[in-house]
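Hello,

Here is the structure I promised to pass on to you. Please open it beside this email, and then read on for what turned up in it.

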Amino acid sequence: MIFRLGDFHFPDDPARLYPDTPDRPWVLEVGFGDGRFWPHYARTFPEPPNYLGVEISGVSLLKAHRRLKDAGLKNAVLTKLPAEVLVAGVIPHGSLDAIVVNFPDPWPKAGHEEHRLLRVPFFQVAASRLKPGGAVLLTTDHDEYFEFACAQAEASGVMRVERAGPPPAALETKYALKWRDLGLGAQHARFVPTRHDPVPNGAISGGTLVPYSEEDPTVPHAVLTLPADFSPQAFDKQTARGGTWTVVLLDLYATLRRGGWVALAHVVEGDLTQEVLVGITEREDGTHLVRLAKFGGPIITPGVKAAVGAVTQWLEGQGAVVKHRGY
C-alpha cells in the first residue's frame, strides 16, 4: 500500500498499481492527513474506487495506512511526496476521475502564495490528468484561499468553477471537525476541466523523470583512473548549481569493499528533493566506476545526473583521469 518515489513508473499504469481492480474509477487525494476522509467517501460508491493518496508527513502516512487497512480498503496506494511531483510525473493523461483537496495549507502570510498548491500551473496539469467529467474537489475553511483558488482556476483557461456544498465525507476530516466544534463552516468548489490539453509527464524543472533500472545504460556513470596517492580525507562539503537544480555533496564514506567509496548527495529541483548515493567502485582493470547507486529508489533527473557529474569533477580535482562520461 505504501509506495516510494522509485516504486512508481513515469507515467504509471493504473492496471499495474491496482491489478485486482483495474477498471474501477481512480481518485487522487492530496494531503490525506490521518486518512479519515477516504473510508467515509469510499462507502458512497457501489464499489470502492481505486485510491491514490499523497502526503508530505510521514506520521500522517502511517496513521492513514492503519486506518485504510482497518477499513479493508485494499485497492489503495499511499505515498510521501510533493503533490506536484506525483501529478506531473506519475499520472497518465486522462486517467483520474477526481482529485480531492481537503483543507489544504493556506500559506496565509504575505509573500507565501507561491507555496500554495491550487495555482494556475497545477490546474493546467490537473486538467490534463482528469477524464472528461472529472473534477478537482476543494473543501476549505479559509475564505481567502478559497477565493484565490477559484480565481486561479479561472485564470488557468482550462477550468470552470462550480460552487456547491461539500460532500459529507469532507466534513469528517480532522480539520473539519475542529472547525465545526468552533462553530465555523467550510466552503466547497468543483473545478471542472473545459479542455484537456496534453501536458507531458515527468516535466519537473525542465527535465524528465526516469525510473532507475540496473540494466539501463542511461544510468549516470563515469569511468576514471584514480591517482596512486588518492585520499578520501581531502573531501569537503561542496555545492554545485545549474539552471534548474542544486546539488550538495554532503560526505564521502568508505565501503566494506576495498578501494570503494560512496558519496552522499542532496539534490533539489523545484518541488522535488532527493538524497542519492553515488558509488565509486574499483573494477578488475584497476579503473574506478562512478555510478548512481540504486539505494533508496532514486529517480534519474537532470539534477541526479549532475550529482554524478559533481562527484566525477571532484575526483578530477584530486588528479583522476576520466576515460568515459555517461551522464
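How many aromatic pairs does the structure hold? There are 13 of them. Please keep in mind that this is a predicted model.

**Aromatic rings**

A pair of aromatic rings is described by the distance of the centres and the angle of the planes. One of the pairs is Phe122 with Phe123, where the centres are 6.3 Å apart and the planes meet at 70 degrees, an edge-to-face arrangement. Both Phe122 and Phe123 are buried.

Another pair is Tyr145 with Phe148, and this one is tilted because the planes stand at 45 degrees, with 6.1 Å between the centres. In helix α6, Tyr145 and Phe148 are 3 residues apart, so about one helical turn separates them. Tyr145 is buried, since its relative accessible area is 1%, and Phe148 is buried too, with a value of 13%. Have a look at Arg116 as well: Arg116 lies over the face of Phe148, 4.7 Å from the ring centre.

You can also find one aromatic cluster, formed by Phe37, Trp38, Tyr41, Phe45 and Tyr51.

**Positions listed by UniProt**

An unreviewed UniProt entry lists Glu29, Glu55 and Asp105 under "binding site". These residues are spread over 77 residues of sequence, yet they cluster in space, with a largest C-alpha distance of 14.1 Å. Of these residues, Glu55 is included in the lining of the second largest pocket.

Is Glu29 buried or exposed? Glu29 is buried, because its relative accessible area is 2%. Glu29 sits in strand β2, residues 26-30. Leaving aside residues up to four places away in sequence, Glu29 touches Phe37, Trp38, Tyr51, Leu52, Gly53, Val54, Val100 and Asn102. With Tyr51 there is also a polar contact, side chain to side chain, at 2.6 Å. Tyr51 is the residue you met above as part of the aromatic cluster.

Asp105 belongs to the loop between β5 and α5. Asp105 is partly exposed, as its relative accessible area is 45%. The side chain of Asp105 reaches the backbone nitrogen of Trp107 at 3.0 Å.

Lys109 and Asp141 are also listed by UniProt for "binding site", again in an unreviewed entry. Lys109 is in the loop that runs between β5 (96-102) and α5 (120-129), and with a relative accessible area of 59% Lys109 counts as exposed. Asp141 is in the loop between β6 (130-140) and α6 (143-155). Asp141 is partly exposed, with a relative accessible area of 26%.

**A buried asparagine**

Where is Asn75 placed? You will find Asn75 in the loop between α3 (58-70) and β4 (76-80). Asn75 is buried, because its relative accessible area is 12%, and buried means under 20%. A polar atom of the Asn75 side chain lies 3.0 Å from the backbone oxygen of Pro48. For the backbone oxygen of Pro49, the distance to a polar atom of the Asn75 side chain is 3.0 Å. Not counting residues up to four places away in sequence, the residues that Asn75 touches are Tyr18, Thr21, Arg24, Pro48, Pro49, Asn50 and Tyr51.

Happy exploring, and best wishes!

Terms used:
Residues are numbered from 1 along each chain as its sequence is written. This is a predicted model: local features need pLDDT of at least 70, side-chain atom pairs count only at pLDDT 80 or more; totals for chains, interfaces and linings use all residues. Side-chain values use heavy atoms; hydrogens and water are left out. UniProt positions are given in the numbering used here, feature names are shortened, and annotations may be inferred rather than shown by experiment. Helices (H or I, at least four residues) and strands (E, at least two) are DSSP runs, numbered from the N terminus. Buried means under 20% relative accessible area, exposed over 50%, partly exposed in between (1.4 Å probe, protein chains only). On a 1 Å grid over the protein atoms alone, a cavity is a set of points where a 1.4 Å probe fits but cannot get out, and a pocket is an open set with protein on both sides within 12 Å along at least five of seven lines; lining residues have an atom within 4 Å of a point. Contact means heavy atoms within 4.5 Å. A polar contact is a pair of N or O atoms within 3.5 Å; within protein, one must be able to donate a hydrogen and the other to accept it, and residues adjacent in sequence count only if both atoms are side-chain atoms. Rings of Phe, Tyr and Trp (its six-membered ring) pair if their centres lie within 6.5 Å; planes under 30 degrees apart count as stacked, over 60 as edge-to-face and the rest as tilted. A charge sits over a ring if NZ of Lys or CZ of Arg is within 6 Å of the ring centre and within 35 degrees of the ring normal.
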